[in-house]
Amino acid sequence: MTYEAQCGGRPRIIGTLRAMISDNNPMVVSNAVAALHELSMSAGKDFLKANKNTFFKILNTLNDCTEWGKVFLLDTLAKYNPKSERVAQDICERITPQLQHVNPAVVMSAVKVIIHLFDRLDSEQQTQLAKKLSPPLVTLLHTEPEIQYVALRNINLIVQKYEKILNNEIKVFFCKYNDAIYVKKE
């Protein structure tokens, strides 16, 4: 059986979706990336096949799309491995405003990108970014219990690798009497 028969006409759809990433409308770009992400996940293949220009198009589109579009775009950016420290620093600087977003999913996706690029930065830049990462992560601990739980699970993983990120925030991790039991256990 041929690839096209197995995919049921997907190659044409995938080509169209890839072309849509070059569109000027941020909604079109974010939805094309989301669709390619979903197709990739279901097929177990990378249909996005993004290059440096694709990632910079995604980065330029980031501020103009919906919050869920931002989540897909940020998750896609988390897969990018820049070749130079300067490019990693530029991406982190452009992602940093997303740490102030109201939606916790956008914040966590921005944290994911920054943590992915963290090792590519020099120690001074890491220290500056650690100071910027701390407040949004602490803020997530003052939300609904479900979000607190997810944030704590992610913070646990982050702190295991980068201890200095939450150095001065120990008081935030004390349990309150009215915390949900699953939050207290985490």
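## Exercises on an all-helix model

Lys112 and Asp75 are joined by a salt bridge, with 3.7 Å between their closest N and O atoms. A salt bridge here is a side-chain nitrogen of Lys or Arg within 4 Å of a carboxyl oxygen of Asp or Glu. The two partners come from distant parts of the chain: Lys112 sits in helix α7 (residues 104-117) and Asp75 in helix α5 (residues 67-77), 37 residues apart.

Before you start: this is a predicted model, where local features need pLDDT of at least 70 and side-chain atom pairs count only at pLDDT 80 or more, while totals for chains, interfaces and linings use all residues. Residues are numbered from 1 along each chain as its sequence is written, and side-chain values use heavy atoms, with hydrogens and water left out.

### Exercise 1: The overall make-up

Work out how many helices and strands the protein has, and what share of its residues is buried.

Step 1. Look for the elements, which are DSSP runs numbered from the N terminus (helices: H or I, at least four residues; strands: E, at least two). The protein has 10 helices and 0 strands.

Step 2. Now for burial. Buried means under 20% relative accessible area, exposed means over 50%, and partly exposed is in between (1.4 Å probe, protein chains only). Of the 186 residues, 41% are buried.

Step 3. Turn to the outside. The protein exposes about 10,800 Å², and carbon and sulfur atoms supply 53% of that (Shrake-Rupley method, 1.4 Å probe; for residues, only the protein chains shown count as cover).

Step 4. Finish with contacts, meaning heavy atoms within 4.5 Å. Take the contacts between residues at least 6 apart in sequence: 63% of them join residues at least 24 apart.

### Exercise 2: The other salt bridges

Find how many salt bridges the structure holds, and describe the ones made by Arg94 and Asp119.

Step 1. Count them: there are 3 salt bridges. As background, side chains of opposite charge can pair when their charged atoms come close.

Step 2. Pick Arg94. Its side chain meets that of Asp90 at 4.0 Å, N to O. Both residues belong to helix α6 (residues 85-95) and are 4 residues apart, about one turn of the helix. Arg94 is partly exposed at 30% relative accessibility, and Asp90 is partly exposed too, at 24%.

Step 3. Pick Asp119. It pairs with Lys161, the closest N and O atoms being 3.3 Å apart. This pair links distant parts of the chain, with Asp119 in the loop between α7 and α8 (123-140) and Lys161 in helix α9, 42 residues apart. Asp119 is partly exposed at 48%, whereas Lys161 is exposed at 55%.

### Exercise 3: Two helices, two settings

Is α7 enclosed or open, and which residues of α9 are buried?

Step 1. Start with the length of α7. Its 14 residues reach 20 Å from first C-alpha to last, close to the 20 Å expected at 1.5 Å a residue (the expected span is 1.5 Å times one less than the number of residues).

Step 2. Check its burial. In α7, 10 of the 14 residues are buried, so this helix is largely enclosed by the rest of the structure. Among the buried ones are Val106, Met108, Val111 and Leu117. Their cover includes α5, α6, α8 and α9. Lys112, from the opening salt bridge, is partly exposed at 44%.

Step 3. Move to α9 (residues 145-161). It has 17 residues and reaches 25 Å from its first C-alpha to its last, close to the 24 Å expected. Its buried residues are Gln148, Ala151, Leu152, Ile155 and Ile158. Seen down the axis, these fall within an arc of 130°, so they line one face of the helix. That arc is taken from the directions from the helix axis to the C-beta atoms.

Step 4. Flip to the face turned away from the buried side. There you'll find the exposed residues Glu146, Leu157, Gln160 and Lys161.

### Exercise 4: Cysteines and a serine

How many disulfides are there, and what does Ser40 contact?

Step 1. Look for cysteine sulfur atoms within 2.5 Å of each other, the cut-off for a disulfide. The structure holds 0 disulfides. Cys65 is buried at 9%, and Cys92 is buried at 3%.

Step 2. Go to Ser40 in helix α3 (residues 26-43). Ser40 is buried, at 12% relative accessibility. Leaving aside neighbours within four places in sequence, Ser40 contacts Lys45, Asp46, Phe47 and Leu48.
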